[in-house]
Amino acid sequence: MLCMDFIEKVYMAIVICFVKLCGRKPEKRYKWETIKDDDVELGNSNYPMVLVQIPMYNEREVYRLSIGAACGLSWPSDRIIIQILDDSTESAIMELVEMECRIWESKGVNIKYEVRDNRNGYKAGALKEGMKHSYVTQCDYVAIFDADFQPEPDFLYQTIPFLVNNPEIGLVQARWTFVNADECMMTRMQQMSLNYHFKVEQEVGSSTYAFFDFNGTAGVWRISALNEAGGWKDRTTVEDMDLSVRASLKGWKFVFLSKTQVKSELPSTLKAYRYQQHRWSCGPANLFRKVVMEIFTNQKVSLWTKLHIVYSFFFVRKIVVHINTFVFYCIVLPATVMVPEVVVPKWSCVYIPCIMTLLKAVGTPRSLPLLVFWVLFENTMSLHRTKATIIGLLETSRVNEWIVTEKLGDALLKDKIGGTKVFKKYRFSIGDRIDMTELIVGFYLLFCGCYDFMYGKSYFFIFLYLQAITFFILAFGYVGTFVPKS
């Protein structure tokens, strides 16, 4: 599994270097022309109708940001519809969101506030329900933004021309940037991982196979492609990836725009991050179980594309990486200190891991000083990702668990008084924060470290002690932002 992961990382490094050196920009690979509006008789009819969907669920802290950004998109007002899909369960928040929509409507924005009487299918169900409204039939494309995303005013001018001028393209995906990346060390380390995903994995997929997974937000779909793929389905917690695979199997191509960036918020509390990582790890594994045979029996795509989706995209990136990281580095490798007859070659425990770490870290050069902390943090989080992956593959309990990632928006534990940050005192119950699985693994690593210190002939105990401490820190929740209890 280590070799599979290493080959995948090296392959992507070679491809991304080729893409950058040869200047294989999307504008050169596909036809791209600005939409002309100089014909007085036609008016704005040259502009396609665009639907902008924003699904929400109790988003008290960020609803104004996302609605304001969507209503601020530069596009003819008679050629755009803003659709707010509010699944909130708190009536006070629903009233606030509806009032915000009415304010923008009074300013001449074509905005629709939609609610439903249940949360069936969660986000997928809300998006599916939103597509059923009669006014959607006049739209050609749909842009989707989560509640914490803030697109720039020219977002549609950068993305829509790819869809208008290239009928084979079904999706245009923009890159995420993060407004709170510097909030704490945990957000800095999340930024490192996500930057690699966008700057390398998405770019490579777009440049080589015209396939990658839709990130669920900050993207524009051709509505005909979405409908041909079967629309939104709620059979897994990764409805965005599900739709991407089905659309790809229908022959649609995807384009990733690295230079088109949309601001978003990283989860800054450890609890929210754990829930997010469970969904992001469990969902793909469960989807893999459901679609693997469908991919192999498909007749519209090449065998090479099928192998890429099944082996590279699903098996290596969504399953092997998580399991190998935890089992090898946190279980097997530490156990070898108690079995001196077992000799682990240095290339497998030092050289290859170091090379892979550097390859993943180049996407965020400013965070290179945090490299050691990032490795220890990722190893610890691999426990939860491995557990979630196994749950998804075996389809056991929590497989369909959906907990909306908590967003703090302007309430990031500060009062903006004169531009200063006033942090509030945080009170908590130790019993509510202890994660027993992390605690057990931490004690296991501590024991292995002590054994190696007393009987070993190397300095491996240094790594074991550091990794054990990291497990303890996360087990007691001493990482990320502390949210004051109301």
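What share of the 486 residues of the chain counts as buried? In this predicted model, the figure is 57%, and it is worth keeping the whole chain in view for a moment before selecting anything smaller.

With everything displayed, the chain shows 16 helices and seven strands, and its C-alpha trace spans about 85 × 55 × 40 Å along the principal axes. The radius of gyration is 24 Å, which agrees with the value near 23 Å that a compact globule of 486 residues would have. Of the contacts in the chain with a separation of 6 or more, 81% are between residues 24 or more positions apart.

Next, select strand 4, residues 141–144, where Tyr141 and Ala143 lie on one side and Val142 and Ile144 on the other, all of them buried, so that both faces of the strand are covered. Add strand 1, residues 50–56, which runs parallel to strand 4 and is joined to it by four bridges; here valine 50 has tyrosine 141 as its bridge partner. Then add strand 6, residues 219–222, which is antiparallel to strand 4 and is likewise joined to it by four bridges, with tryptophan 221 of strand 6 standing opposite valine 142.

Finally, turn to the surface, of which the chain exposes about 22,000 Å², with carbon and sulfur atoms supplying 60%. Select Tyr459, Ile462, Leu466, Ile469, Ile473 and Tyr478, which together make a nonpolar surface patch of about 610 Å². Within this selection, tyrosine 478 is found in the segment after helix 16 (460–475), and its relative accessible area of 44% makes tyrosine 478 partly exposed.

Key
Residues are numbered from 1 along each chain as its sequence is written. This is a predicted model: local features need pLDDT of at least 70, side-chain atom pairs count only at pLDDT 80 or more; totals for chains, interfaces and linings use all residues. Side-chain values use heavy atoms; hydrogens and water are left out. Patches are made of residues with over 30% relative accessible area and no salt bridge: like charges are joined within 9 Å, nonpolar side chains (Val, Leu, Ile, Met, Phe, Trp, Tyr) within 5 Å. Accessible areas come from the Shrake-Rupley method with a 1.4 Å probe; for residues, only the protein chains shown count as cover. A salt bridge is a side-chain nitrogen of Lys or Arg within 4 Å of a carboxyl oxygen of Asp or Glu. Helices (H or I, at least four residues) and strands (E, at least two) are DSSP runs, numbered from the N terminus. Buried means under 20% relative accessible area, exposed over 50%, partly exposed in between (1.4 Å probe, protein chains only). Two strands pair if DSSP finds at least two bridges between them. The radius of gyration is taken over C-alpha atoms; the globule rule is 2.2 Å times the number of residues to the power 0.38. Contact means heavy atoms within 4.5 Å.
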